[in-house]
Amino acid sequence: QVQLVESGGGLVQAGGSLRLSCTSSGRTLTEYPLGWFRQAPGQEREFVATTRYMGGYAYNKYYSDSVKGRFTITRDNAKNTVSLQMNSLKPEDTAVYYCAASSSRLIMSTISKTRSYDYWGQGTQVTVSS
């Protein structure tokens, strides 16, 4: 079993920054995708960013078009954490952000799909005011 706990959400003005962190415990996730999704009120949960194991110490990082260039995902396996640095925040970034982990090595076509992830954190609220 895997437990994921997020922290770092809050209220920020447009243009500001926030850093989210997620700590995992339980099963080792070194070779599996670990990333972030978000869900705004009345919307479906959507992909934000994730990391995919490429062998050795290498990971590829993937971002949704809406956050590319503004958000940066960082993974630290020694600390069992994945972080999301969010810069130039916009009101449309307002959502509950969820950390997610998969128990499978995902292929490219499934890396951003909600259904590909088996473990979820409880979520942390991010609110960006205009």
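A disulfide, as counted here, is a pair of cysteine sulfur atoms within 2.5 Å. Keep that cut-off handy for the exercises below, and remember that this is a predicted model.

**Exercise 1. Find the disulfide and work out what it ties together.**

Step 1: Start with the count. Searching the whole structure turns up 1 disulfide.

Step 2: Check the pair. The sulfur atoms of Cys22 and Cys99 sit 2.1 Å apart, and the cut-off is 2.5 Å, so this pair qualifies as a disulfide.

Step 3: Look at the twist. The angle about the S-S bond is -80 degrees, which makes the Cys22–Cys99 link left-handed.

Step 4: Place the two ends. Cys22 belongs to strand 3 and Cys99 to strand 9, so the bond ties together parts 77 residues apart in sequence.

Step 5: Buried or exposed? For Cys22 and Cys99 alike, the answer is buried.

**Exercise 2. Show which parts of the chain the Arg105 salt bridge connects.**

Step 1: Recall the general idea. Side chains of opposite charge can pair when their charged atoms come close.

Step 2: Identify the partner. Arg105 pairs with Glu31, and their closest N and O atoms are 2.5 Å apart.

Step 3: Locate both residues. Arg105 is in the loop between strand 9 (95–101) and strand 10 (119–120), while Glu31 is in the loop between strand 3 (18–26) and strand 4 (34–39), so the salt bridge ties together parts 74 residues apart in sequence.

Step 4: Classify Glu31. Its relative accessibility is 34%, so Glu31 goes down as partly exposed.

**Exercise 3. Take apart the network of salt bridges and sort its members by burial.**

Step 1: List the members. The network links Arg38, Glu46, Arg70 and Asp93.

Step 2: Pick out one pair. Glu46 and Arg38 form a salt bridge, at 2.6 Å from N to O.

Step 3: Sort that pair. Glu46 has 36% relative accessibility and is partly exposed, whereas Arg38, at 5%, is buried.

Step 4: Now take Arg70 and Asp93. They form a salt bridge too, with the closest N and O atoms 2.8 Å apart. Arg70 lies in the loop between strand 6 (58–63) and strand 7 (71–76), and Asp93 in the loop between strand 8 (81–86) and strand 9, so this pair ties together parts 23 residues apart in sequence.

Step 5: Sort these two as well. Arg70 is buried at 12% relative accessibility, and Asp93 is buried at 1%.

Step 6: Put the network in context. The whole structure holds 5 salt bridges, including Glu46–Arg38 and Arg70–Asp93.

Definitions and conventions: Residues numbered from 1 in each chain as written. Predicted model: local features only at pLDDT ≥ 70, side-chain atom pairs only at ≥ 80, totals over all residues. Heavy atoms only, no water. Salt bridge = Lys/Arg side-chain N within 4 Å of Asp/Glu carboxyl O. Helix = DSSP H or I, 4+ residues; strand = E, 2+ residues; numbered from the N terminus. Buried < 20%, exposed > 50% of the residue type's maximum accessible area, 1.4 Å probe, protein only.
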